[in-house]
Amino acid sequence: MDVNRFKKNEGIIDSKKIIKEIENYEFISFDVFDTLLKRNVHKPSDVFYMVEAIACKENKCYKGFYDRRKTAETLARELSNEEEITLDEVYNAYEKHNYEDIDYLKKLEMRVEQDLLVTNLDIKEVYNYCINSGKKVFIISDMYLPEQFIKSILDQNGFVKYEKLYVSSEYRRTKKTGSLFKIFLKENGLKPYQVTHIGDAYSSDIEIPKKLGINTIHVCKNLLRDKKSYNNKKNSIKLNNLYSFINNTVDTNKSAYYRFGYDSFGPFLWGFTKWLYSNAQLNHIERLYFFSRDGLIMKKAFDILYPDNGVKTFYLEVSRRSLRVPVLSLDSSFENLLSTITVAKMVPIRAIFDGAGLDINHYEKILTQYGFQKDTFFDRKDIENDINLRKLYEEIRGDIDKISKIEFDSMVSYITQKQLKGKFGVVDIGWSGGMQRYLEQVMNIIGIENDVYGYYMGVTDSYTRNIKILPSMKMKGYLFDCFSNAKDYDKRSSFVGLFESLCLEQGGSVKNYAFDGETVKANRYEYEYFENGKPTKEYLRIKKVQEGALHFIKCISNDNMLNQWQYSADELFCNLRKTGANPDIEDVKMFGGFRFYDEGVTSRLAAPRSLLYYTIHPKKAKSDFLSSKWKTGFMKKLFRVKLPYEKIFFSLYKLK
């Protein structure tokens, strides 16, 4: 997409300013295309590419239609004695030189036009003001499409209650010669100075009516309403369609967090949901269980897109802690515990206690006895050989066995209550299938027949630690799948914390289970993003991101054109990856200060100290970088210059 073409008009249409300009005018006329309505394409002639692409999808391959269609329109204008032509005349000219099914192509072109046209949100506000304030509204368009067709599109988009529609193909007169404006004025007994015309074409909507004495207001045509609605590379037609849809439909009055949800997280979540449904059908899955907490946003998306599809959805209140602690009753060895906690290079001692279900604050004397503190970290390659750590573990192992056995029974009751049995799918963000493994282990131990399929946004190579224990596990990843493809790689590793924050439910993590009368309920920790009973900024901002993402899915679910294309996970991940892997300063300002809670440790996504500080304290630079959950964001905020941060990250990753 030609980004420079947009930069000239970057910004948004000032609806309030336009309303002020027309306050004293009783008669207002609007142009249609690129004024009241926008096409979800880069340029109008892209419609012909769409027709060609869809004709091929419908097994009526008309390769080269784009060029032939443009030639036919030029020829029709040359043959006509009128100021304007009709769509029928275009296809009559097409038929003379191409022996194809012109009736099919003509109907398909109108169908494509209908599917691509959406409300121009910025001008709709002006239009509604005119109608509600009792002004007389007229619509005037230079277009070869039939008047009745244009009227139906206007109706669908809520442009109603106007006085009359003037279409050049009906009158055979155009705005660009001034003739159609003259007809409009004469028919309605109006003087030019009584009217304000609003349109995008500088010649036919501004210069010509001005010469007639009509007041005019120019609106930008190629307006960049959303900075992530384009791509610097040349786009395919389907991506062109998607980015234009985002640009035309995003609500610019909403917060930056909402818009990020709409333009970046929403497309990815939409793609994942469609992939999930496709795989559920392929595997004949009739029940999907979405794991808390990340799975809630996925369930909401799925229920929007597939409300009545034969696949029942359930929300399962589980967490790594609520499942892995009971599973330790089967094997509480130090090695098994390590297989359940973080795979990060630097392992906090808090993660070991958290993984075992113990509160580290109750074990300060034992920590001191073996030379540790609550903020001690271990290098993963050395952790199994740390003799003092093993001795400490053996001292607390009795407590682990006691807690895990108690929690095993209550977890079994919860699983039984949720009727988890037979063939079903589990859905979660990823990354190694640990919770799926714990669940299957318990079901196998207590004799519940099961055939579980795991569906994840991504599966990292750390899945191997779970497969070693349960070789029969079945899982798939959407964005990357190291389980099925050994050459695949973790595409969100440089910003894992940011990625996971986007999916977080607005509620505390599940601790364990307990009977509440005759039912078993999940006990939850206090929500991390509440302080003194009030939501934190992180809570409110992630909520806005998720609102934007779900609104995107609602909007796109009704778009016939976009739902015809097949988008790859990488294509729909593009905007999210740009923010996460190669962020700009605004991205880091938006998310860098977010707190992230994991394995009992609290950190910031990307909050480095100054370069000067790290020059004096180089060891602190390393520890801060390793603890950051958004490493590319950390580097960007630290250095503040344009660098290939994702490439730098992967280079450092190889050296670990």
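**Two parallel sheets, their helices and their cores**

Helix 3 passes helix 4 in a right-handed crossing, where right-handed means that the near helix is turned clockwise from the far one by less than a right angle, and left-handed that it is turned anticlockwise. The structure is a predicted model, in which local features need pLDDT of at least 70 and side-chain atom pairs count only at pLDDT 80 or more, while totals for chains, interfaces and linings use all residues. Residues are numbered from 1 along each chain as its sequence is written, and side-chain values use heavy atoms, with hydrogens and water left out. Helices (H or I, at least four residues) and strands (E, at least two) are DSSP runs numbered from the N terminus.

Two packed helices are described by the angle between their axes and the distance between the axes. For helix 3 (residues 46-57) and helix 4 (residues 65-79), the angle is about 135° and the axes are 8 Å apart. Axes here are lines fitted to C-alpha atoms, for helices over the stretch in contact, and angles run from 0 to 180 degrees between N-to-C directions. Helix 3 and helix 4 are therefore oblique to each other; angles under 35 degrees count as roughly parallel, over 145 as roughly antiparallel, 65 to 115 as roughly perpendicular and the rest as oblique. Helix 3 brings Phe-48, Tyr-49, Val-51 and Glu-52 to the contact, and helix 4 brings Phe-65, Tyr-66, Arg-69, Lys-70 and Glu-73. Contact means heavy atoms within 4.5 Å.

Next come the sheets. One open sheet has five strands in the order 5-4-1-6-7, with parallel pairing; two strands pair if DSSP finds at least two bridges between them. Strand 5 (164-167) and strand 7 (215-218) are at the edges with a single partner strand each, so one side of each has no neighbour in the sheet. On average, neighbouring strands of this sheet are turned by 20° against each other, direction ignored. Strand 6 (residues 195-199) runs parallel to strand 7 and is joined to it by four bridges, with Ile-198 opposite Ile-217. Helix 11 (residues 202-211) packs on this sheet, touching strand 6 and strand 7, and makes about 155° with the direction of strand 7.

Helix 10 (residues 179-187) lies across strand 1 (27-30), strand 4 (136-141), strand 5 and strand 6, at about 155° to strand 5. Its buried residues (under 20% relative accessible area with a 1.4 Å probe, protein chains only; exposed is over 50%, partly exposed in between) are Ser-179, Leu-180, Phe-181, Phe-184 and Leu-185. Just after helix 10, Gly-189 takes a positive phi of about 60°.

Another open sheet has five strands in the order 9-8-12-13-14, again with parallel pairing. Strand 9 (312-316) and strand 14 (474-481) stand at its edges, and the twist averages 25° from one strand to the next. Strand 13 (residues 450-459) pairs with strand 14 over six bridges, and Tyr-456 stands opposite Gly-477. Helix 13 (residues 256-282) packs on this sheet, making about 155° with the direction of strand 13.

The largest nonpolar core has 132 residues, of which Phe-30, Ile-150, Leu-154, Leu-269, Leu-288, Met-298 and Met-457 touch the most other members. Such a core is a set of buried Ala, Val, Leu, Ile, Met, Phe, Trp, Tyr and Cys residues joined through side-chain atoms within 4.5 Å. Helix 13 gives the most to this core, with 12 residues.
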